[in-house]
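Hi everyone, thanks for coming. I'd like to walk you through a structure that is new to most of us, so please bring it up on your screens.

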Amino acid sequence: MKLFSVLEINTLLKGYIVGSTSHSVSSPEQIELAGNHQITFIGNKKYEKLWADSKASVAVVNNDISIEPGINRAFIKVNNADLAMSQVLELFAPLTPQFDTDIHLSATVHPTAIVGTGTRIGAGSYIGPHVKLGDNVTIYPNATILDNSTVGKNSTVWSGVVIRENCHIGSHTILHPNATIGADGFGFKPCPERGLVKIPQIGNVIIGNWVEIGSGACVDRGKFSSTVVGDGCKIDNLVQIGHNCVLGKFCIMAGSSGLAGSVTLGNGVIIGGSASIKDHVTIGDGATIGAGSGVAGDVPAGKTYLGYPAAEARTTLKQWAALKRLAANS
């Protein structure tokens, strides 16, 4: 068990300590569940009221906190408690699964594949012809990387991931279990003689650096050229990104949201959970789409859209208020 003093944790966070405690810290926990050997977080003043009933001995708090820690308890004050929390969680993170050998005997690595220094390949994984794996890549058991694909240095491919042929993954990127990169785009055309005719999807997928793709997410290959996920994007579980979509840098897509084909997201776009974006729509830099929304047209940069069909948030909220009044008066 890892044990840290308040002073040791503060050395990491570079905040300042208010109060003191004799308790060492064994783990982090949310404020309602924490015990006296645990550290918790107060990132918003509205949670101050929970501190009195919490048993935590230490809390990382924002500088604007207005309460005192109390007897045998301490606060570590920082500019941003949420960001500090990420550092504390890393401090207590368990070891990732271990490899007995760099390349497991049951892994299949094609003779033409290039494997970088320090790269590890787990049991049952398949690395196809002319695949290139950069230095210090980690491939967990039962992952599949098909012909001519590349994975950049320091990236992680978890179990069950499939990277299909000719797809390119950047550096420091994480693909969580059962993500699928480069499946065929959903392309069919009706034909009187043949029914639904499959349209070949001959493009690929390009994923940038420092990207994270969640479990069960699907990024389809382009019909003609590339589906692109820009640097720093964070894609949640069960997200669908259709063929020939282009995501700018640092976009966020929450769980079960989806982009139809040829959607363009600018930089820093946020897509809420279960939101759906129609094909060929462009969403401008810094725009936000609320959870559960259905977007059928372009969204200007910096705007927040909400509802189904989605409209600017103020308009949607006015419509909802009007419907509520109408229902109340009926």
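Let's start with Gln 38, which sits in strand E3, a stretch covering residues 38-42. Before going on, please keep in mind that we are looking at a predicted model.

Is Gln 38 buried or exposed? Gln 38 counts as buried because its relative accessible area is 16%, and the cut-off for buried is under 20%. So what does Gln 38 touch, leaving out residues up to four places away in sequence? On one stretch there are Val 25, Ser 26, Ser 27, Pro 28 and Glu 29; then come Leu 33, and finally Ala 56, Ser 57 and Val 58. There is a polar contact to point out as well: a polar atom of the Gln 38 side chain lies 2.7 Å from the backbone nitrogen of Gly 35.

Now let's zoom out to the whole chain. The protein chain has 330 residues, and 42% of them are buried. Its secondary structure amounts to three helices and 37 strands. If you draw a box along the principal axes, the C-alpha atoms fill roughly 80 × 70 × 30 Å.

With that many strands, how do some of them pair up? Take the open sheet of nine strands, in the order E7-E10-E13-E16-E21-E24-E27-E30-E33, where the pairing is parallel. At the edges you'll find strand E7 (114-115) and strand E33 (282-283), each pairing on one side only.

Inside that sheet, strand E10 (residues 132-133) runs parallel to strand E13 (residues 150-151), and two bridges join them. If you'd like a residue to click on, Lys 132 has Thr 150 in E13 as its bridge partner.

Here is another set of strands to follow. Strand E15 (residues 162-163) and strand E18 (residues 180-183) are parallel and joined by two bridges; here Val 162 is partnered with Thr 180 in E18. E18 is also linked, by three bridges, to strand E23 (residues 218-220), again running parallel. There, Ile 181 stands opposite Val 219 in E23.

Let's finish with the surface and the charges. About 16,800 Å² of the protein chain is exposed, with carbon and sulfur atoms supplying 57% of that area. As for charged side chains, there are 25 positive and 24 negative ones, and the centres of the two sets lie 6 Å apart.

And one last number, on contacts: among those in the chain with a separation of 6 or more, 19% come from residues 24 or more positions apart. Thanks for listening!

Technical notes. Residues numbered from 1 in each chain as written. Heavy atoms only, no water. Helix = DSSP H or I, 4+ residues; strand = E, 2+ residues; numbered from the N terminus. Buried < 20%, exposed > 50% of the residue type's maximum accessible area, 1.4 Å probe, protein only. Contact = heavy atoms within 4.5 Å. Areas by Shrake-Rupley, 256 points an atom, 1.4 Å probe, with all protein chains shown as cover. Lys, Arg positive; Asp, Glu negative; His and termini not counted. Charge placed at Lys NZ, Arg CZ, Asp CG, Glu CD. Pairing = 2+ DSSP bridges. Polar contact = N/O pair within 3.5 Å; in protein donor to acceptor, adjacent residues only side chain to side chain.
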